[in-house]
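Good morning, colleagues. Please take a moment to look at the sequence and the structure on the screen before I begin.

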Amino acid sequence: MLHVVWFKRDLRVHDHAPLSAAAAAGPVLPLYVLEPQLWQQPDAADRHWAFVRESLIELDGALRQRGQPLCLVVDEMLPALQQLYTRYGAFRLWSHEETGNLWTYARDRAVGQWMRDHGLTWTELPQNGVVRRLRSRDGWALRWEARMAEPRARAPAALPPVVEAGALPADLRPPGLSLDEGCPHRQIGGRRAG
């Protein structure tokens, strides 16, 4: 079975639990979906895209070194999932739990429903101290301490090729955003700069 790793805000191979777990389970297709509606949200800006773009370029390079480049799809998430399903049949989706805005929350609920409707498994792994789906905050601090003490996920040494992917386009950007973000002192994207 194909294991699709959906990269969202977590654009690195190191300490990426979904990538590590998926690589241990079988062939991996690393996926980033450039969702036009996400980039039309009021909290999106040119400089945010510049950071993400730099991070994607570095992520793609790290994945290529391991044998499988990043698969980039410019579309909304549900049509992207349908494209994968049409091309590969059943697959398992892996990602980090999202801690974004109301738009990403609604998108993730729709993704979960789409996956259930198609009889597919989506494994979301925690990435930070946010503990989702608590009925009560009692014991939250103990859960947080345990989560923060977990060992870092190891980056896979190799990813057998699943699909070929060309280089990321030099002018890649969401509709309505610019490559010239006009913010010369912003944070640079990528693990190396971090």
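Ser95 counts as buried, because its relative accessibility is 0% and the cut-off for burial is under 20%. I should say at once that this is a predicted model. Ser95 belongs to strand E4. If we set aside neighbours within four places in sequence, Ser95 is in contact with Trp6, Lys8, Pro18, Trp122, Thr123, Glu124 and Leu125. A further distance concerns Asn128: the two residues are 33 apart in sequence, and their C-alpha atoms are 13 Å apart in space.

Let me stay with the same strand and turn to His96, which is also found in E4. Is His96 buried or exposed? With a relative accessibility of 4%, His96 counts as buried. Its contacts, again without the neighbours within four places in sequence, are Lys8, Asp10, His16, Ala17, Pro18, Glu124, Leu125, Pro126 and Gln127. Lys8 is therefore a contact of Ser95 and of His96, under the criterion of heavy atoms within 4.5 Å.

What holds for these two residues can be set against the strand as a whole. E4 covers residues 91–96, and five of its six residues are buried, so the strand is largely enclosed by the rest of the structure.

Which strands pair with E4? One is E1, residues 2–7, which pairs with E4 in the parallel sense over four bridges. Within this pairing, Leu2 stands opposite Phe91, and Val5 has Trp94 as its bridge partner. Another is E5, residues 122–125, which runs parallel to E4 and is joined to it by four bridges. Here Leu93 stands opposite Trp122. Between E4 and E5 the chain passes through helix H4, residues 102–117, and this β-α-β crossover is right-handed.

I now move to E1. Six of the six residues of E1 are buried, so this strand is largely enclosed by the rest of the structure. Both of its faces are covered: Leu2, Val4 and Trp6 are buried on one side, and His3, Val5 and Phe7 are buried on the other. Besides its pairing with E4, E1 pairs with E2 in the parallel sense over five bridges. In that pairing, the bridge partner of His3 is Val28 in E2. E1, helix H1 (residues 17–25) and E2 form a right-handed β-α-β unit.

The loop between E1 and H1 contains Asp15. Its backbone deserves a remark: Asp15 has a positive phi of about 55°, although it is not a glycine. Asp15 has a relative accessible area of 29% and is therefore partly exposed.

From the strands, I turn to helix H2, residues 46–66, where Leu63 has its place. Leu63 counts as buried, because its relative accessibility is 0%. Leaving aside neighbours within four places in sequence, its contacts are Phe7, Val13, Leu19, Pro30, Gln68, Pro69, Leu70 and Leu159. Phe7, as we saw, is one of the buried residues of E1. Across a separation of 93 residues along the chain, the C-alpha atoms of Leu63 and Pro156 are 9.3 Å apart.

Finally, the pockets. What is the volume of the largest pocket? The value is about 550 Å³. This pocket is lined by 27 residues, and those nearest its centre are Lys8, Arg9, Asp10, Leu11 and Phe51. E1, E2 (28–34), H2 and H4 are the elements that give two or more residues to this lining. The largest share, four residues, comes from H2. By class, the lining comprises ten nonpolar, eight polar and nine charged residues. Two of the residues named at its centre, Lys8 and Asp10, have already appeared among the contacts of His96.

The second largest pocket holds about 350 Å³ of space. Of the 14 residues that line it, Asp15, Pro126, Gln127, Glu150 and Pro151 are the closest to its centre. Its lining divides into six nonpolar, three polar and five charged residues. Asp15, the residue with the positive phi, thus returns here in the lining, and Pro126 and Gln127 are also contacts of His96.

Notes
Residues numbered from 1 in each chain as written. Predicted model: local features only at pLDDT ≥ 70, side-chain atom pairs only at ≥ 80, totals over all residues. Heavy atoms only, no water. Buried < 20%, exposed > 50% of the residue type's maximum accessible area, 1.4 Å probe, protein only. Pairing = 2+ DSSP bridges. Right-handed = clockwise from strand over helix to strand, strands pointing away. 1 Å grid on protein atoms, 1.4 Å probe; cavity = no way out; pocket = protein on both sides within 12 Å on 5 of 7 lines; lining within 4 Å. Points joined across faces, edges and corners; volume = space filled by probe spheres on them. Nonpolar A, V, L, I, M, F, W, Y, C, P; charged D, E, K, R; others polar.
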